[in-house]
Amino acid sequence: MALARVERLSFAYPGSEPALRGVSFELWPGEVVVLLGPSGSGKSTLLRALAGLVPHFHGGHFSGRVEVAGLDTRTTRPSDLAGTVGTLFQDPEDQVVFTGVEAEVSFGLENIGTPPEKIESRAAAALAEVGAAGLAGRKVAELSGGELQRVCLASVLALEPRLLILDEPTSQLDPDGAAAAIELARSSGATVVVSEQRPERVLDACDRVLFLENGRVVLDAPRADALDQLPEAWLPREADLPDAEPAGEPVCRVDDVSFGYEQDRLVLQSTSFEVGRGEVVALLGPNGSGKTTLAKLAAGLLEPRTGRVTRVGRACYLSQDPGRYLVAERADEEVALAVDGDLARARRALAEVGLAGFEERHPRDLSSGERERLALAAVLVAEPELLVLDEPTRGVDPERKDELTSLLRAQGSGRATLVVTNDHVFASAVADRFVATVSEPEREVSLA
Amino acid sequence: MSPVPAAALLAGLAAAALLADHSASVALICVLLLAICLRAPAERRRMYLVGAFLSGLAVVLVTPFVETIGSHALWTGPTVPVLGRLDVTSEELRNGLFQGLRLTAVALAFAAYALLLDHDRLVQSAGFARRSVLAIALATRLVPTLERDASGLVEALRGRGVEVTGLRGRARLLSPLLAGSLERAMNLSEAMEARGYGRRGATRAPRPPWGTVERLALAGGVLAVVLGALWL
């Protein structure tokens, strides 16, 4: 008997075009289903419908039927589905309720009425399962993005749900962490529906593939068949990291640098590398190994505690999740900030990233993918000598990723580009060579 | 220390500052609360302490001009519509100092609450009105979250070569900060509902029992209120 059944589901957010159009499928106990599709194709909406959040939380026009474990989501509130359904959302920072890791993992267990004497042990077991037992006593504000994502995954797994919904669960994890998270979800015994923008991370572990386009399921097939039918950009690609020799006049040189946010703890030690003009260098490394810190040092946003960073010309830095950090009322004004209000240059930069016609739109009215491109335009417009991009493919679908690769390669000859990424497939496509940070116990040997 | 008696002690000290009649007593409470706040890391406490002292100072400076008490004029100025004649008397100065100290004491008590208490355990300890306590805890978390968002915005702008300087530059961040926190609040409430928040039959993780320190702190809170009302 199917665990979940979706019948002719159509849904439109208030005042919007339909996000889902006549979607039907069933989910069987224990199967792992991968949900693929371009940004804006309705993946997140479909996951929310399975959790009952659509329509209860968002409102809008809902037709059709969604049933999970015999419960009709129109008549069962999401909070009553919790425990049967466990949902991990895209952005870990937006789902954390408490300040401490233990309390955070216990929160869902308390809500679903777990006997008090079992709460602590189940929370500890869930943290251990995701390899985060060591984080138990920590504050969430101190964790890296990847560590926080593990904690959020533990919070969901602790509920022991029958249907596990994962919305881009690996977006902030390094490849090993991502593989472990997917394997963990698979071995939990729950039916798993996972939406992902990096197909190579999940296709090996799944039983079935659903592909969405414009709110419709255009492919629903077992994994083997799906591999023959998926659009080319969505097929798994091998990461073949390039390892060319450093080339070009050095634009940024990081020399024997150490840095720590706290007096008694160093995040980086004795770290050296350089980026030359015309080069695209990928900065790789496990979660929490100091990649973002190193990128900020290279861009001049942080000053090293010891050692030296030298740069030629202007440096621009695009932070992780840049769509969150937009300040202007119009897209073109946002981009023009970096060029003293030159709107003509700003509009050209918008067109370069595919946002022609969006000039007068409010940045917060754009979709998350469009915001990311707007933020990219806001740094590209300055034509910096050194461009530093921190996880630019987070939440970006493969087709957009290919466009980004082409853009960076096309513009790369005149500048030095440093790309911090956990996405080794992207790094293979965009970079000339890579440098790697290492995790804490091995930090003395820092960079490759 | 368990957060409930610690919160009770801080609330007691704040109440005592509001009930006390003498500036010296309120000043003493301020010193005590400042000593407590100084236990927090320097980077974190700076913003709270600056806020507490600036708001107290503002009251000290403004009160003499908006009050009309006392007969020992130290300075007499022009007559201003609505406010009347501007003057400063020694009684107004004393009262301004007293009210400023009171506000500083309350702000320091909040600073100690925000900086030093384990808000997670406070929520978990709430035997009743758990929703209200959770709302207070989330509101308390809002301050550091806004702080982080603000530095994220400043950093994102610096990353584009745009320096945020002056009052006007910082004021430009207010609207995106507000919009960002509203988005965050929506996402958080959705995630909370998906994790069963609001469902009947919720339980709580067991709490460690209170020891002598906790009992003393609770008694200290009550004692502070009584002393404030009767003797200070």
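These legends walk through several close-up views of a predicted model.

Local features are drawn from residues with pLDDT of at least 70 and side-chain atom pairs count only at pLDDT 80 or more, while totals for chains, interfaces and linings use all residues. Residues are numbered from 1 along each chain as its sequence is written, and chains are lettered from A and ligands numbered from 1 in the order in which they are written.

**View 1. Here is where chain B meets chain A.**
Chain A puts 50 residues into the contact and chain B puts in 39; two residues are in contact if their C-beta atoms, placed from the backbone, lie within 7 Å. On the chain B side, α5 (119-125), α6 (130-159) and α8 (174-194) each supply at least two residues. Helices here are DSSP runs of H or I with at least four residues, strands are E runs of at least two, and both are numbered from the N terminus. α8(B) gives the most, with eleven residues. Sorted by class, the side of chain B that touches chain A has 16 nonpolar, eleven polar and twelve charged residues. Ala, Val, Leu, Ile, Met, Phe, Trp, Tyr, Cys and Pro count as nonpolar, Asp, Glu, Lys and Arg as charged, and the others, Gly among them, as polar.

**View 2. Now for α8(B) by itself.**
With 21 residues at 1.5 Å a residue, α8(B) should span 30 Å, and its end C-alpha atoms are indeed 30 Å apart; the expected span is 1.5 Å times one less than the number of residues. Its buried residues are P176(B), G180(B), E190(B), A191(B), M192(B), E193(B) and A194(B). A residue is buried if 20 or more other C-beta atoms lie within 10 Å of its own, exposed if 12 or fewer, and partly exposed in between, with C-beta atoms placed from the backbone. Just past the helix, G196(B) has a positive phi of about 90 degrees.

**View 3. This is the five-stranded open sheet of chain A.**
The strand order is β15-β16-β17-β13-β18, with parallel pairing; two strands pair if DSSP finds at least two bridges between them. β15 (315-318) and β18 (433-436) are the edge strands, each pairing on one side only. From one strand to the next the twist averages 20 degrees. Inside the sheet, β16 (386-390) and β17 (416-420) of chain A share five bridges, and L389(A) stands opposite V419(A).

**View 4. Look at helix α9(A), lying across that sheet.**
Helix α9 (residues 291-299) of chain A crosses β13 (280-284), β15, β16 and β17, at about 160 degrees to β16(A). Axes are lines fitted to C-alpha atoms, for helices over the stretch in contact, and angles run from 0 to 180 degrees between N-to-C directions. Nine of the nine residues of α9(A) are buried, so the helix is largely enclosed by the rest of the structure. Among them are K291(A), T292(A) and K296(A). Right after the helix comes G300(A), with a positive phi of about 85 degrees.

**View 5. Strand β14(A) sits out in the open.**
Of the six residues of β14 (306-311) in chain A, the number buried is zero, so the strand lies largely in the open. Five bridges join β14(A) to β11 (250-259) of chain A, and the two run antiparallel. One of the bridge pairs is S258(A) with T306(A).

**View 6. V396(A) is a loop residue.**
V396(A) belongs to the loop between β16 and α13 (398-411) of chain A. V396(A) is buried, with 23 other C-beta atoms within 10 Å. Its C-alpha atom is 6.4 Å from that of Q197(A), although the two are 199 residues apart along the chain. Leaving aside neighbours within four places in sequence, V396(A) contacts Q197(A), G369(A), E372(A), K401(A) and L404(A).

**View 7. Finally, the six-stranded open sheet of chain A.**
The order is β6-β7-β8-β3-β9-β10, with mixed pairing. β6 (85-88) and β10 (216-222) stand at the edges with a single partner strand each, so one side of each has no neighbour in the sheet. β6(A) and β7 (163-167) of chain A pair in the parallel sense over four bridges, and V85(A) has L163(A) as its bridge partner. Helix α7 (175-187) of chain A lies across β3 (32-36), β7 and β8 (191-195), at about 150 degrees to β8(A).
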